[in-house]
Amino acid sequence: MSATVDGLVEPGFEGVRDAFAHNFEVGREGGAAFCLHVDGRKVVDLWGGWADREHTTSYGPDTLQLVFSTTKGATAMCANLLAQRGDLDLDAPVAKYWPEFGQAGKVDVPVRWLLTHQVGLPALDQTLTPEEVQAWDPVIEALAAQTPFWEPGTAHGYHAITYGWLVGEVIRRITGTSVGTFFAREFATPLGLDFWIGLPAEHEHRVSPVFGAAVALPSESAAAPASDYASTLLARALNAGGAFSEPGWMNRPAWHAAEVPAANGITNATSLSRLYASLIGTVDGGPNQSILTKEQVDEARIVRTFGPDQVFLSAGFPMEQHIGQGFWLSSPYAPFGGEGSFGHTGAGGSFGYADPENGLGVGYVMNKMSAGVLGDPRARRLTCACYASIGVEPKYT
C-alpha cells in the first residue's frame with residue numbers, strides 16, 4: 001500500500017509538499033512529518049506514511065517521534081535562557097555551579113566549553129548500566145571524576161551523549177530542577193508544544209518506533225575498519241559507558257521516560273518548527289515576545305569553534321562542524337539553508353533550525369533512519385524546496 005501525505009500547505013509552498021512526497025516515492029521514508037513557519041506563521045505542516053514497520057498504523061498529526069541529537073538544541077536553549085537572565089555566566093568555571101566537576105584537572109574549565117564540545121569528555125572510562133544512566137546521578141558522578149580525553153579548550157569533539165548531562169547538570173544546579181522540567185516550564189508549556197525530555201507515560205502510545213541505522217557503517221572508514229570500530233572514541237561516545245549497547249534501546253519506554261538531554265527528546269515536526277520560530281520572533285498563539293532576545297540569539301550563533309572533530313576522526317570520518325553556543329551552525333555538515341541559521345540535527349535525519357535573516361522556523365522528524373553522517377538527502381530536498389518557495393538561494397544544500 002502506498003504512503004498517504006496529508007496536512008497544510010499554503011499557496012506558494014506547494015513545492016515543499018512535492019519534495020516531502022518525493023521522499024516517500026523514492027522509498028526513503030517510512031513515516032515522517034515536516035513543518036515550516038515563516039515570520040511566526042505556520043505555512044506548511046505535513047505528515048505521511050506509517051507509524052510502524054508493519055504498515056498497520058498511519059503516521060498522523062498526533063504521532064510523536066524520538067529525535068536523538070535534535071534534543072541538544074532544546075537543551076542549548078535552556079542554557080542560553082539562563083545566560084540571558086544573568087543566572088549563568090558561560091565564562092565562569094563549571095565548578096562554580098557544580099563543585100565536584102573540578103576533579104581530574106577540570107577546575108578551571110568554563111561552562112562555555114560544555115556547550116561547544118571542547119571539554120574533552122565525550123566518553124566514560126567507567127562502565128554504566130542502563131538503570132544507572134536512567135537514574136542520572138551515577139553518570140553525573142562518573143563525568144565529574146572523568147579525566148578529559150584531550151586538554152580542554154584545545155580541540156572539539158562531538159559529545160554525542162554526554163553533552164546533555166554536562167550542560168544539564170549545570171542547569172539543574174542553578175535552577176534546582178531537571179532539564180526536562182525546566183524546558184517544559186520555560187518553552188514547551190508557554191508555546192503549547194508536544195516536546196518532552198522525559199516522556200510522561202500517558203503519551204507513550206503515541207510514539208512511533210525508529211528503525212534503521214543510526215550512523216554510517218564503520219566499513220566506510222579507512223581509518224577504523226569494522227573490526228576496530230568498537231574501540232574508537234566515536235563508538236565509545238555513542239554507547240554512554242556501555243549503557244546504550246543493548247539492541248533496540250531507543251524504542252523502550254524506560255528510555256523514553258528517562259531524561260537524556262542530548263539524545264532522547266520526543267516531539268513532532270510541528271513543535272520543532274514552532275519552537276525555533278519562537279526564538280526569532282512571535283508565533284501565532286504564543287508569548288507576545290521572543291523567548292530569547294535578538295542579542296542572545298546573535299550570541300548563540302557566533303562560531304565558537306570549527307575544524308576537524310576529534311571524535312569522528314577517531315573512526316576516520318573527517319567532520320568539520322561549525323559550532324555555536326550549544327547549537328550547530330549552518331555548514332555542509334548541517335545544511336540548514338541560511339548562512340546565519342542555527343539549530344541541531346539528530347541521528348538518522350531529524351532536524352530543527354531557525355533562520356533569523358529569512359524568518360524561518362523548520363522541523364523535520366522521521367522513523368526510518370538514514371545511515372549517512374552528512375546532511376540527509378531528504379532534509380536537503382526539503383530545505384531546497386523551502387528556500388525556493390520564498391525566492392531565496394540556500395547557502396548550503
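Helix axes are lines fitted to C-alpha atoms, for helices over the stretch in contact, and the angle between two axes runs from 0 to 180 degrees between their N-to-C directions. Keep that in mind for the first stop on this tour of a predicted model.

**Stop 1: two crossing helices**

Select residues 179-191, which form helix H8, together with residues 269-279, which form helix H11. Their axes come within 10 Å and cross at roughly 105°. Angles of 65 to 115 degrees count as roughly perpendicular, and H8 and H11 are therefore roughly perpendicular to each other.

Now show the side chains where the two helices meet. From H8, pick Phe-183, Phe-187 and Leu-191; from H11, pick Arg-274, Leu-275, Ser-278 and Leu-279. Colour this contact by class and you will find five nonpolar residues, one polar and one charged.

Stay with H11 for a moment. Is it enclosed by the rest of the structure or open? It is largely enclosed, because ten of its eleven residues are buried. Among them are Ala-269, Leu-272, Tyr-276 and Ala-277, and so are Arg-274, Leu-275, Ser-278 and Leu-279, which you have just selected at the contact with H8.

**Stop 2: helix H7**

Next, select residues 162-175 to bring up helix H7. Try the distance tool on its end C-alpha atoms: they are 20 Å apart, which agrees with the 20 Å that 14 residues should span at 1.5 Å a residue.

H7 is mostly covered, with ten of its 14 residues buried. Highlight the run from Thr-162 through Tyr-163, Gly-164, Trp-165, Leu-166, Val-167, Gly-168, Glu-169 and Val-170 to Ile-171 to see the buried ones. Which helices do they pack against? Turn on H2, H3 (94-97), H4 (112-115), H5 (130-134), H6 (137-145) and H8 to see these partners.

**Stop 3: from H7 into the loop**

Step just past the end of H7 to Gly-176, which takes a positive phi of about 80°. Then select Thr-177, in the loop between H7 and H8. Thr-177 has a relative accessible area of 18%, so it counts as buried, the cut-off being under 20%. Beyond its neighbours within four places in sequence, Thr-177 is in contact with Ile-171, Arg-172, Phe-182 and Arg-185.

**Stop 4: H6 and the loop before it**

Move to H6 and show Val-139, Ile-140, Ala-142, Leu-143 and Ala-144, which are buried. The buried residues of H6 pack against H5 and H7.

Now select Trp-136, in the loop between H5 and H6. Its phi is near 75°, a positive value in a residue other than glycine. Is Trp-136 buried or exposed? At 11% relative accessibility, Trp-136 counts as buried.

For another residue with positive phi, go to Ala-104, in the loop between H3 and H4. Here phi is about 55°, although Ala-104 is not a glycine. Ala-104 is partly exposed, with a relative accessible area of 34%.

**Stop 5: the nonpolar core**

In soluble globular proteins, nonpolar side chains tend to be buried together. The largest nonpolar core here has 132 residues, and those with the most contacts inside it are Phe-34, Leu-36 and Trp-165. Helix H2 (residues 71-85) gives the most to this core, with eight residues. You have already met Trp-165 among the buried residues of H7.

Centre the view on Phe-34 and show what surrounds it. Leaving aside its neighbours within four places in sequence, Phe-34 is in contact with residues including Val-16, Phe-20, Leu-46, Ala-269, Phe-351, Tyr-364, Leu-382 and Cys-386. Ala-269 takes you back to H11, where it is buried.

**Stop 6: Thr-383 and Ser-245**

Select Thr-383 in helix H14 (residues 377-389). At 3% relative accessibility, Thr-383 counts as buried. Leaving out its neighbours within four places in sequence, Thr-383 is in contact with Pro-335, Phe-336, Gly-337, Phe-351 and Tyr-353. Now add Gly-7: Thr-383 and Gly-7 are 376 residues apart in sequence and 18 Å apart in space, C-alpha to C-alpha.

Finish at Ser-245, in the loop between H9 (233-239) and H10 (253-257). Ser-245 is partly exposed, with a relative accessible area of 46%. Draw a line from Ser-245 to Phe-351: their C-alpha atoms are 24 Å apart, with these positions 106 residues apart in sequence numbering.

Definitions and conventions
Residues numbered from 1 in each chain as written. Predicted model: local features only at pLDDT ≥ 70, side-chain atom pairs only at ≥ 80, totals over all residues. Heavy atoms only, no water. Core = buried A, V, L, I, M, F, W, Y, C linked by side-chain atoms within 4.5 Å. Buried < 20%, exposed > 50% of the residue type's maximum accessible area, 1.4 Å probe, protein only. Helix = DSSP H or I, 4+ residues; strand = E, 2+ residues; numbered from the N terminus. Contact = heavy atoms within 4.5 Å. Parallel < 35°, antiparallel > 145°, perpendicular 65-115°, else oblique. Nonpolar A, V, L, I, M, F, W, Y, C, P; charged D, E, K, R; others polar. Expected span 1.5 Å × (residues − 1).
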